[in-house]
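Subject: Structure handover

Hello,

Here is the structure I promised to pass on. Please open it first, then read my notes below.

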Amino acid sequence: MGIIAVNQTGYLKGNKKQATYVDETKSGEGLSFNLVSNDGSVVYEGTTKVIGDDKDSGDYVHQVDFSEFDDDGTYKIVIGSDESYSFAIGEKGLYKDMVRDVFNYYYQNRCSEDIVEERITSGDKSKLKRAAGHKPDIANTIAIWNYNGIMETLDVSGGWYDAGDHGKYTVNSGFSLWFFFNAYELEKAMAKRTGANGLILDNREMFFEECRCELDHLSKMLVTSGAHKDMAYSKVHDRTWTAVGTAPSEDEEERLLFPPTTAATLDLSACFAMGARVFAEKDAEYSDFLLDISKRAYEAAKKFPNMLAPVDSRFGGGSYDDDDVRDEYYWAATELYITTGEEYYLKDMEKNDYFLDIPFRFINSESPEVCGCFDWGNVAANGSLSLVLSDRLDDDSYSTLKYNVIMAASKLFDLSKKQGYGHPFGPEFLNGIKAPGYAWGSNSYVCENSIVLLSAYYITKDKQYLNAAIAGLNYLLGCNPLNISYITGYGSDAVKYPHHRFWSGQLRDDRPFAPAGVLVGGPNSGMQCDYVKSLGWDGKTMPPAKMYVDHIEAFSTNECTINWNGAFLNMLVAILNLA
């Protein structure tokens, strides 16, 4: 039996429609396929294209292209005795509920707030509702990392829990907000082109409320006095890890406020500058409040350019370490320049090593050749992608920017063409296993790489970039070697058990299962958790695209985070606006 992997949610009319067939016979010849409707009638016939051996999956695959067929309906693909899961073909409304549920992830992960049944959009609402955790969220500064500033106790209530635990991290919060604000600004730009609002603009009150929830929390993460005033504390989390199954309201661990860092301060400055311009038309007073903080934080970071977060696993939270903040300086200066137009910030941008750059194959602590263009610790591309939607640059600079975006997107397009499943991602050398493999959060890189492709399409109108991004969406929603959807609640065989303290129904009958709209990390060759190690896999030899297991204890493959869901939201919104 061969697998026919499809986008289990559906394909957009007027766009590329492809599936992947695993040919276990390795026939080497194209095979006839039928597109079959719900009533069993054959509505389209075609022949597969042999791709051959797909290194990432170990499969021998064919490409199944039915882009010519464009009728609304529900269908499946049949090849001999093999058939795919059902999927839809239709207008963009196919994805309306998914956008709603992906966005609702943030409401359900709010800190210091009761989560009420009537605002939950999917799942068992009676179980998903919960009492507020960390209300108030009182945290004590901890004297580590050679920090010699004031020791203070702050109320840092609000915002979103970062991942499956109860930590809140300034760096990742700022990075996550970029996805929100960038999607909003893309919709604004497209509304000018087309005269039509997208889903965010049609739900802007909900959008502004969610963004303000996080911004208000971050405004409490500033050092209040002393030499380091207006620097941003790097994170707040528990002294020790809590057990899976612990509800936020049951978390009684001491809350620690970690020293300010340059990266956290600059990321806060960047996202507050974005927030200032996005909120300007809704609430001028709040916009001014955000811009004032952004400017103050930027100046504070320039006073302390080398307060770096080290790798530190002694406590109950992630490190979010970063030893190079040139990219953070560029991102913050860029967002401030876009918002204010002030020459001061332009000069800082222009003298930065990352000016107008879209890096590819950058370095992080996991790999010397990350298969992507940006992530939470590498944010130069965030600034450059924001500039794509801005009119601040002169013609020569904008031409350079467009060239750099197109060059990065072309590399991603070439990569997607080599993939049997079409996704714009591939292996990278992993320090942990001393071999090539898929990195932690590989699905998030599929999203982020797709965002770069979509930016290139926005600039060029060249459909090869849009098609590669749509192939990334297809991969996440089922057209992958495991024939599963990596988004909870969407697809005939969707993942069910993200690593999350409260959504722990797999382990406890009194806890809910995850709602719909949660992206999990995906295949990961690093095997950093005990559950995956217990499976006996070998990250050096097992096909990297198959190194995934759906289990709540498998945090190395099944973690969920605010930045990953944000990347998926941005990618999805961009496709729906541009396709």
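Asn-146 is exposed, at 79% relative accessibility. Here buried means under 20% relative accessible area, exposed means over 50%, and partly exposed lies in between (1.4 Å probe, protein chains only). Accessible areas come from the Shrake-Rupley method with a 1.4 Å probe, and for residues only the protein chains shown count as cover.

Two notes on reading the model. It is predicted: local features need pLDDT of at least 70, side-chain atom pairs count only at pLDDT 80 or more, and totals for chains, interfaces and linings use all residues. Residues are numbered from 1 along each chain as its sequence is written, and side-chain values use heavy atoms, with hydrogens and water left out.

**Backbone**

Asn-146 sits in the loop between β11 and β12. Helices (H or I, at least four residues) and strands (E, at least two) are DSSP runs, numbered from the N terminus. The phi of Asn-146 is near 60°, positive although the residue is not glycine. Most residues other than glycine have a negative phi, and most peptide bonds are trans.

Leu-356 also has a positive phi, near 65°. This residue is in the loop between α9 and α10 (380-388). Leu-356 is buried, with a relative accessible area of 3%.

There is a cis peptide bond too. It runs from Lys-135 to Pro-136, with omega near 5°. Pro-136 belongs to the loop between α2 (125-128) and β11.

**Sheets**

Two strands pair if DSSP finds at least two bridges between them. One open sheet has five strands, in the order β12-β11-β15-β14-β13, and its pairing is mixed. β12 (153-155) and β13 (168-169) are the edge strands, each pairing on one side only. Inside this sheet, β11 (residues 138-141) and β15 (residues 255-257) run parallel, with two bridges between them. Thr-141 faces Leu-257 in β15.

Tyr-169 lies in edge strand β13. Tyr-169 is nevertheless buried, at 3% relative accessibility. Its C-alpha atom is 18 Å from that of His-499, a residue 330 positions away along the chain.

Another open sheet has four strands, ordered β1-β3-β7-β6, with antiparallel pairing. β1 (4-5) and β6 (49-54) are at the edges and have a single partner strand each, so one side of each has no neighbour in the sheet. β6 and β7 (residues 59-65) are antiparallel and joined by five bridges. Lys-49 stands opposite Gln-63 in β7. The two strands make a hairpin with four residues between them, and Gly-58 in the turn has a positive phi of about 75°.

**Salt bridges**

The whole structure holds 36 salt bridges. The criterion is a side-chain nitrogen of Lys or Arg within 4 Å of a carboxyl oxygen of Asp or Glu. Three pairs deserve a look.

- Arg-110 and Glu-209 meet at 3.0 Å, N to O. They are 99 residues apart: Arg-110 is in the loop between α1 (96-108) and α2, Glu-209 in helix α5 (residues 204-219). Arg-110 is buried at 3%, while Glu-209 is partly exposed at 34%.
- Arg-204 and Glu-281 have their closest N and O atoms 3.7 Å apart. Arg-204 is in α5, and Glu-281 is 77 residues away in the loop between α6 (262-279) and α7 (284-303). Arg-204 is partly exposed at 26%. Glu-281 is partly exposed at 48%.
- Arg-296 and Asp-230 meet at 2.9 Å, N to O. Arg-296 is in α7 and Asp-230 in the loop between α5 and β14 (235-238), with the two 66 residues apart. Arg-296 is partly exposed at 31%, whereas Asp-230 is buried at 11%.

Shared partners also join Arg-110, Glu-113, Arg-119, Glu-209 and Glu-210 into one salt-bridge network.

**Surface charge**

Which residues gather in a patch of negative charge on the surface? They are Glu-343, Glu-350, Asp-394, Asp-395 and Asp-396. Patches take residues with over 30% relative accessible area and no salt bridge, joining like charges within 9 Å and nonpolar side chains (Val, Leu, Ile, Met, Phe, Trp, Tyr) within 5 Å. Lys and Arg count as positive, Asp and Glu as negative; His and the chain ends are not counted. A charge is placed at NZ of Lys, CZ of Arg, CG of Asp or CD of Glu.

α9 (343-350) and α11 (395-418) each supply at least two residues of this patch. Glu-350 is in α9. Glu-350 is partly exposed, with a relative accessible area of 41%.

Best wishes
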